[in-house]
Amino acid sequence: MVTCHKSLAAKPFDQPPFPPDLLAGEIALVTGGGSGMGLGMARALAQSGAAIAIVGRSFDRARAGVEAIEALGGRAIAVTADVRDPAAIADAFEQAEAALGPVTILANNAGGNFPVLADAMSANAWRAVTRIAIDGTFFCSTEFARRRIAAGGAGAIVNNSAQYIWSGFPGDAHSASAKAAVAGMTAALAREWRPHRIRVNCIAAGFFPHDGSTEGNDADTRRRLGMMIPLGRVGEMQEFGWLSAFLCSSFATGITGETIVIDGAERLRRSLLTGAFEPPRERAALWGRMP
Ligand code: COA
């Protein structure tokens, strides 16, 4: 393996940057929180003291997330709902509030993605991905805000967008479009709900492989993806989770309407499909033809 740059290692999950009571008394509802990036958010929020309602289409997966939170010593419940169904979302909030208390943090994570070229994409495939991200984020956010406003205000939303909203990549027109809409929605809702002290922020993440990732999560895949990233490695799930918890915490009361990138500078590259990043100092020629 050619190592062309040094990597900066992530802190392990059991060495969090925040005190364990940072989010004490907060109730967080995490959509798609039973696995993958949603579980990364749920674990970090629980590690910071929040109680968690994990909402997902599959009860078994949501229940697995609850067990992961309980293994940390946290408090969590599993609720079944499809984020595309506003009535199911209202019911999920009812269940969460009955079991845990008023929901004060919302993590809009639920999403779906699969590679298909735009000209071969069926209308159903387009709608499956865009409706989960756009409708789902909007329905959950508005349900959350109505409840927070009725309760006197204050709350935080964090949305899981993606770093590829600025570039797209082949086979990802549905998700790139949908996640771009989520970033736009973040700014719009932040403006509307500022008077109610509801902050809305968004994370544009790069590669954070997990067992449900389309790319896979084996060591070779992680190494190969890491080679394409200027930082020299893929993201670790706790880094993504901690950024989510930070944005929902009192550390971030001055931040709203933002989309924060965490991608090891992947966005600064021209394309996901170019070769390994070569640091300027190690190149035979800085740019242009080789001498
Ligand atoms: N490749 C191509 N098309 C696909 C597909 C795939 N892997 N998965 C779904 N589709 C298409 C279906 O063919 C269907 O289109 P059609 O009716 O023209 O055939 C359309 O998308 C809807 O599929 P359906 O399974 O009914 O959608 P759903 O709403 O039940 O589920 C997902 C959509 C994305 C949630 C589902 O595919 C899923 O659970 N994926 C795995 C989770 C995931 O995406 N993980 C990646 C996270 S980054």
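Here is a walk through this predicted model, from the ligand site to the nonpolar cores and then to a few residues of interest.

Let us begin at the ligand. Its surroundings are formed by R57, R84, G112, N113, F114, S122, N124, A125, A128, I132 and G212. Sorted by class, this shell holds four nonpolar, five polar and two charged residues. Three side chains are worth a look for their polar atoms. In S122, a polar side-chain atom sits 2.6 Å from an oxygen atom of the ligand. For R84, the distance between an N or O atom of the side chain and a ligand oxygen is 2.7 Å, and for R57 a polar side-chain atom lies 3.2 Å from an oxygen atom of the ligand. As for cover, the ligand taken alone exposes 920 Å², and the protein buries 49% of that.

From the ligand we can move to the nonpolar interior. In soluble globular proteins, nonpolar side chains tend to be buried together. Here the largest nonpolar core has 34 residues, and the members with the most contacts inside it are L45, I52, I203 and F240. F240 makes a handy starting point for tracing contacts. Setting aside neighbours within four places in sequence, F240 is in contact with M37, M41, N160, I203, A205, F208 and I262. There is also a second, separate core of 28 residues, with V79, A96, L189 and W193 among them.

Next, please find helix α4, which spans residues 123-150 and contains R147. Is this arginine buried or exposed? R147 has a relative accessible area of 17%, so it counts as buried. Beyond residues up to four places away in sequence, R147 touches A90, F93, E94 and E97. One of these partners also offers a polar atom: the backbone oxygen of A90 lies 3.4 Å from a polar atom of the R147 side chain.

Now turn to the loop between β5 (155-160) and α5 (173-193), where Q163 is placed. With a relative accessible area of 6%, Q163 is buried. Which residues does Q163 contact, leaving aside those within four places in sequence? They are A204, A205, G206, D263, E266 and R267.

A204 deserves a stop of its own. This alanine belongs to strand β6, residues 198-205, and because its relative accessibility is 0%, A204 counts as buried. Apart from neighbours within four places in sequence, A204 is in contact with S161, A162, Q163, W166, T259, I260, V261 and I262. Two of the contacts of Q163, A204 and R267, also make a useful pair for checking distances: they are 63 residues apart in sequence, and their C-alpha atoms are 9.7 Å apart in space.

To finish, have a look at the backbone in two loops. A154 is found in the loop between α4 and β5. Although A154 is not a glycine, it has a positive phi of about 80 degrees. Its relative accessible area is 26%, so A154 is partly exposed. R197 lies in the loop between α5 and β6, and this residue, other than glycine, has a positive phi as well, near 60 degrees. Where A154 is partly exposed, R197 is exposed, with a relative accessible area of 54%.

Technical notes. Residues numbered from 1 in each chain as written. Predicted model: local features only at pLDDT ≥ 70, side-chain atom pairs only at ≥ 80, totals over all residues. Heavy atoms only, no water. Near = heavy atom within 4 Å. Polar contact = N/O pair within 3.5 Å; in protein donor to acceptor, adjacent residues only side chain to side chain. Areas by Shrake-Rupley, 256 points an atom, 1.4 Å probe, with all protein chains shown as cover. Nonpolar A, V, L, I, M, F, W, Y, C, P; charged D, E, K, R; others polar. Core = buried A, V, L, I, M, F, W, Y, C linked by side-chain atoms within 4.5 Å. Buried < 20%, exposed > 50% of the residue type's maximum accessible area, 1.4 Å probe, protein only. Contact = heavy atoms within 4.5 Å. Helix = DSSP H or I, 4+ residues; strand = E, 2+ residues; numbered from the N terminus.
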